[in-house]
Amino acid sequence: LRLLQLADASLDSPAWNGGNTAIEALSLGTPVISMAGEFMRGRHALAFLSLASTPGLVAKSDEDFVSLAIDSGRRESLMEGLDVGSLYEDRAPVAELDRFLLSL
């Protein structure tokens, strides 16, 4: 966690996003630069960044990924709206799982 806290940014691989790592980095205020992959396993960070109000950190292309990685000013401005609490406050998935389990 200390390495994530000291990092300028966390680079997330498109093929297989780091779910826990992305949440931990955002919780520490470290930008997570991601690019949505084709399958669900490559879209976790997209979901977390959207929930945390920082969807601009999801690159639209390889060139955009590199741009985000090297442009600290751009990352800083995209992190201004960070809302880490929203990653933990959405009770809808828990309620749906509860409903499903009770239906069994």
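This report walks through a predicted model of a protein, from its overall build down to a handful of residues.

## Ground rules and confidence

Residue numbers start from 1 along each chain, following the sequence as written. Since the model is predicted, local features need pLDDT of at least 70 and side-chain atom pairs count only at pLDDT 80 or more, while totals for chains, interfaces and linings use all residues; side-chain values rest on heavy atoms, with hydrogens and water left out.

Confidence first. The mean pLDDT (the predictor's confidence in each residue, from 0 to 100) is 94 for the protein, and 100% of the residues score at least 70. Going by element, strand β2 (residues 32-33) has the highest mean at 97, and helix α6 (residues 86-89) has the lowest at 90.

## Overall build

What is it made of? Seven helices and two strands, taken as DSSP runs numbered from the N terminus (H or I for helices, at least four residues; E for strands, at least two). Reading from the N terminus, the order is α-β-α-β-α-α-α-α-α. The C-alpha trace spans about 50 × 25 × 25 Å along its principal axes.

Contacts here mean heavy atoms within 4.5 Å. Take those with a separation of 6 or more: 52% of them join residues 24 or more positions apart.

## Surface and charge

The accessible surface is about 6600 Å², and carbon and sulfur atoms own 58% of that. Areas come from the Shrake-Rupley method with a 1.4 Å probe, and for residues only the protein chains shown count as cover. Of the 104 residues, 31% count as buried, where buried is under 20% relative accessible area, exposed is over 50%, and partly exposed is in between (1.4 Å probe, protein chains only).

On the charge side there are 8 positive and 15 negative charges, and their mean positions are 3 Å apart. Lys and Arg count as positive, Asp and Glu as negative, with His and the chain ends not counted. Each charge is placed at NZ of Lys, CZ of Arg, CG of Asp or CD of Glu.

## The nonpolar core

In soluble globular proteins, nonpolar side chains tend to be buried together. In this model, the largest nonpolar core holds 19 residues; such a core is a set of buried Ala, Val, Leu, Ile, Met, Phe, Trp, Tyr and Cys residues joined through side-chain atoms within 4.5 Å. Leu26, Val32, Phe48, Leu49 and Leu87 touch the most other members. Two or more residues each come from α2 (19-27), β2, α3 (44-51) and α4 (62-70), and α2 gives the largest share, with four residues.

Leu26 sits in helix α2. Its relative accessible area is 1%, so Leu26 counts as buried. Skipping neighbours within four places in sequence, Leu26 contacts Val32, Phe48, Leu49, Ala52, Thr54, Leu82, Val84 and Leu87. With the same neighbours left aside, Leu49 is in contact with Leu26, Val32, Ser34, Thr54, Pro55, Leu57 and Val58. As for Tyr88, its C-alpha is 12 Å from that of Leu26, with the two positions 62 residues apart in sequence.

## The loop between α3 and α4

Is Thr54, in the loop between α3 and α4, buried or exposed? Thr54 counts as buried because its relative accessibility is 1%. Beyond residues up to four places away in sequence, Thr54 touches Leu26, Leu49, Leu78, Met79 and Leu82.

Ser53 is found in that loop too. Ser53 isn't a glycine, yet its phi is positive, about 65°. With 39% relative accessible area, Ser53 is partly exposed.

## Asp8 and Pro31

Asp8 is in the loop between α1 (2-6) and β1 (10-11), and it counts as exposed because its relative accessibility is 63%. Setting aside residues up to four places away in sequence, Asp8 touches Thr30, Pro31 and Arg75. Asp8 and Ile70 are 62 residues apart along the chain, and their C-alpha atoms are separated by 9.7 Å.

Pro31 lies in the loop between α2 and β2. At 9% relative accessibility, Pro31 is buried. Its contacts, leaving out neighbours within four places, are Asp8, Ala9, Ser10, Leu57, Arg75 and Met79. From Pro31 to Ser61, 30 residues apart along the chain, the C-alpha separation is 18 Å.
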